[in-house]
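Colleague: Could you take a close look at one helix of this model and tell me how its faces are arranged and what surrounds it?

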Amino acid sequence: FELITQPMTYNFIQEKEDDFENMCNYLVRNNYTGEDNSTAGLHIHVSRENISDKAVDNLVYFLENNLEDILILSRRGQKFSRFASSFCFDDIDNYRRHKDAEGDLDFDRVMNCYHRNEGNRYKILNTNNYSTIEFRLFKSTLESEKLLATIDFVNTLVLMAQSGSLRSWHTVEDIIIYSDSKRLYDMYMEAHDKYFEGNEAY
């Protein structure tokens with residue numbers, strides 16, 4: 001089944017962390033599945049209020065330019081989900097081949113890919129909704145710490161995009177540092193180790 005929450009602020013989520021933990025524990029006790037369900041995703045909608053078109057472009061470029069680390073953070077293993085695919089690449093090897101000497105992608109090429117495919121909602125960032133943008137890349141979880149860590153990441157990334165401080169050279173590790181979230185750091189490091197062990201999903 002699909003669980004949909006009502007709109008809430010990041011501050012409200014922080015205040016209700018115990019409730020999120022209780023919710024996840026209830027689902028686990030009643031034999032619902034999260035990580036071990038290959039078809040389930042964790043989608044986070046963010047209000048478009050105060051997010052300019054330029055900020056959306058920068059978010060798309062960040063996600064594509066850091067695609068392998070984004071794939072690690074998503075906990076989906078080394079394959080893209082058909083429900084949350086890259087705007088530009090079919091697989092991670094193709095992505096690696098297009099990196100320049102500094103390890104970056106060409107911004108204009110990424111934008112061309114994005115604008116060719118932005119009508120497809122089944123991308124890592126769905127920009128088709130009128131009032132929200134939707135981060136679709138994350139794997140489902142019933143672990144409250146992973147759920148909240150994922151929200152920490154999205155919140156930090158969006159705040160940087162809104163303020164204009166998100167730069168082309170920023171990495172996933174930069175966002176984790178700026179978030180000051182230990183649970184996000186812990187989740188990323190666990191996912192990083194499992195990714196390079198070749199696990200399909202975790």
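Modeller: A residue is called buried when its relative accessible area is under 20% and exposed when that area is over 50%. The model is a predicted one, and the part I would single out is helix H9, which covers residues 182-196. Its 15 residues reach 21 Å from the first C-alpha to the last, close to the 21 Å expected at 1.5 Å a residue. Buried in H9 are Arg183, Leu184, Met187, Tyr188, Ala191 and Tyr195. When the helix is seen down its axis, these buried residues fall within an arc of 130°, so they line one face of H9. The face turned away from that buried side carries Lys182 and Phe196, both of them exposed.

As for the surroundings, the buried residues of H9 pack against several helices, namely H2 (17-29), H4 (67-74), H5 (92-97), H7 (144-163) and H8 (172-179).

The end of the helix deserves a further word, for Tyr195 is buried with a relative accessible area of 0%, whereas Phe196 is exposed on the face turned away from the buried side. The structure holds six aromatic pairs; in one of them, the rings of Phe87 and Tyr114 have centres 5.1 Å apart and planes at 80°, so that pair is edge-to-face. Tyr195 and Phe196 also form an aromatic pair, with 4.9 Å from centre to centre and 80° between the planes, and it is edge-to-face.

Note on methods
Residues are numbered from 1 along each chain as its sequence is written. This is a predicted model: local features need pLDDT of at least 70, side-chain atom pairs count only at pLDDT 80 or more; totals for chains, interfaces and linings use all residues. Side-chain values use heavy atoms; hydrogens and water are left out. Helices (H or I, at least four residues) and strands (E, at least two) are DSSP runs, numbered from the N terminus. The expected span of a helix is 1.5 Å times one less than its number of residues. Buried means under 20% relative accessible area, exposed over 50%, partly exposed in between (1.4 Å probe, protein chains only). The arc is that of the directions from the helix axis to the C-beta atoms. Contact means heavy atoms within 4.5 Å. Rings of Phe, Tyr and Trp (its six-membered ring) pair if their centres lie within 6.5 Å; planes under 30 degrees apart count as stacked, over 60 as edge-to-face and the rest as tilted.
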